[in-house]
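Trainee: I have a structure to read and would like to go through it step by step. Could we begin with the strands and then turn to the side chains?

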Amino acid sequence: YEAVSEQEITIRVVDATGRDVQTLHRGSCKAGGHIFPVVLDAMAKGVYQLLADDGTGKIITSSKILFQ
C-alpha cells in the first residue's frame with residue numbers, strides 16, 4: 001500500500017459474498033510504501049478482494065486476489 005500522507009486506514013480481505021476473511025492492518029500508516037502479508041493457509045480457493053478504507057468506510061483502493 002502506498003500512503004501519500006500519514007492516515008488512518010483499514011486493510012482487509014473479503015470473500016465473494018463480502019464477508020471479512022482477514023484484517024491485515026487497522027491503524028495509522030505513515031507516508032510511503034507499506035507491505036502487509038496475506039496468510040493464505042486458512043483460506044479456501046476462490047476470488048477475494050483486498051480493500052483499503054480510510055476508517056470512515058470510504059474505500060481508498062481495492063484489488064482482486066485469485067487463490068487457486
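Trainee: How many of the 8 residues of strand 2 are buried?

Mentor: Keep in mind that this is a predicted model. A residue counts as buried when its relative accessible area is under 20%. Strand 2 is largely enclosed by the rest of the structure, because the buried residues among its 8 number 6.

Trainee: In what order do the strands of the open sheet stand?

Mentor: Strand 2 runs antiparallel to strand 3, and 8 bridges join them. Strand 2 also pairs with strand 5 in the antiparallel sense, over 5 bridges. Strand 5 (residues 46-53) in turn pairs with strand 6 (residues 59-67), antiparallel, over 8 bridges. The open sheet of 4 strands therefore has the order 3-2-5-6.

Trainee: Which strands stand at the edges of this sheet?

Mentor: Look for strands with a single partner strand, since one side of such a strand is left without a neighbour in the sheet. From one strand to the next, the twist averages 15°. The edge strands are strand 3 and strand 6.

Trainee: Which residue in the turn between strand 2 and strand 3 has a positive phi?

Mentor: Strand 2 and strand 3 form a hairpin, with 5 residues between them. The hairpin of strand 5 and strand 6 also has 5 residues between its strands, and there G55 takes a positive phi near 90°. In the turn between strand 2 and strand 3, the residue with a positive phi of about 90° is G18.

Trainee: Which strand gives the most residues to the largest nonpolar core?

Mentor: Nonpolar side chains tend to be buried together in soluble globular proteins. The largest nonpolar core here has 10 residues, including I9, I11, V13, F36 and A52. Strand 2 (7-14), strand 3 (20-29) and strand 5 each supply at least two residues of this core. The one that gives the most, with 3 residues, is strand 2.

Trainee: What is the bridge partner of I11 in strand 3?

Mentor: The residue in question touches I9, T10, I11 and F36, leaving out residues up to four places away in sequence. Its side chain also reaches the backbone oxygen of G27 at 3.5 Å. The bridge partner of I11 in strand 3 is H25.

Trainee: Is R12 buried or exposed?

Mentor: R12 lies in strand 2, and its bridge partner in strand 5 is L51. Its relative accessible area is 17%, and the cut-off for buried is under 20%. R12 is therefore buried.

Trainee: Which residues do salt bridges that share partners join into one network?

Mentor: The whole structure has 3 salt bridges. One of them joins D20, which is partly exposed at 39% relative accessibility, to R12 at 2.7 Å, N to O. Another joins D53 to R12 at 3.7 Å, N to O, and this pair links distant parts of the chain, 41 residues apart. The network made by shared partners consists of R12, D20 and D53.

Trainee: With which residue does R19 form a salt bridge?

Mentor: R19 is exposed, with a relative accessible area of 52%. Its partner counts as buried, at 15% relative accessibility. The closest N and O atoms are 3.2 Å apart, and the partner of R19 is D15.

Note on methods
Residues numbered from 1 in each chain as written. Predicted model: local features only at pLDDT ≥ 70, side-chain atom pairs only at ≥ 80, totals over all residues. Heavy atoms only, no water. Pairing = 2+ DSSP bridges. Core = buried A, V, L, I, M, F, W, Y, C linked by side-chain atoms within 4.5 Å. Buried < 20%, exposed > 50% of the residue type's maximum accessible area, 1.4 Å probe, protein only. Axes fitted to C-alpha atoms, helices over the stretch in contact; angles between N-to-C directions. Polar contact = N/O pair within 3.5 Å; in protein donor to acceptor, adjacent residues only side chain to side chain. Contact = heavy atoms within 4.5 Å. Salt bridge = Lys/Arg side-chain N within 4 Å of Asp/Glu carboxyl O.
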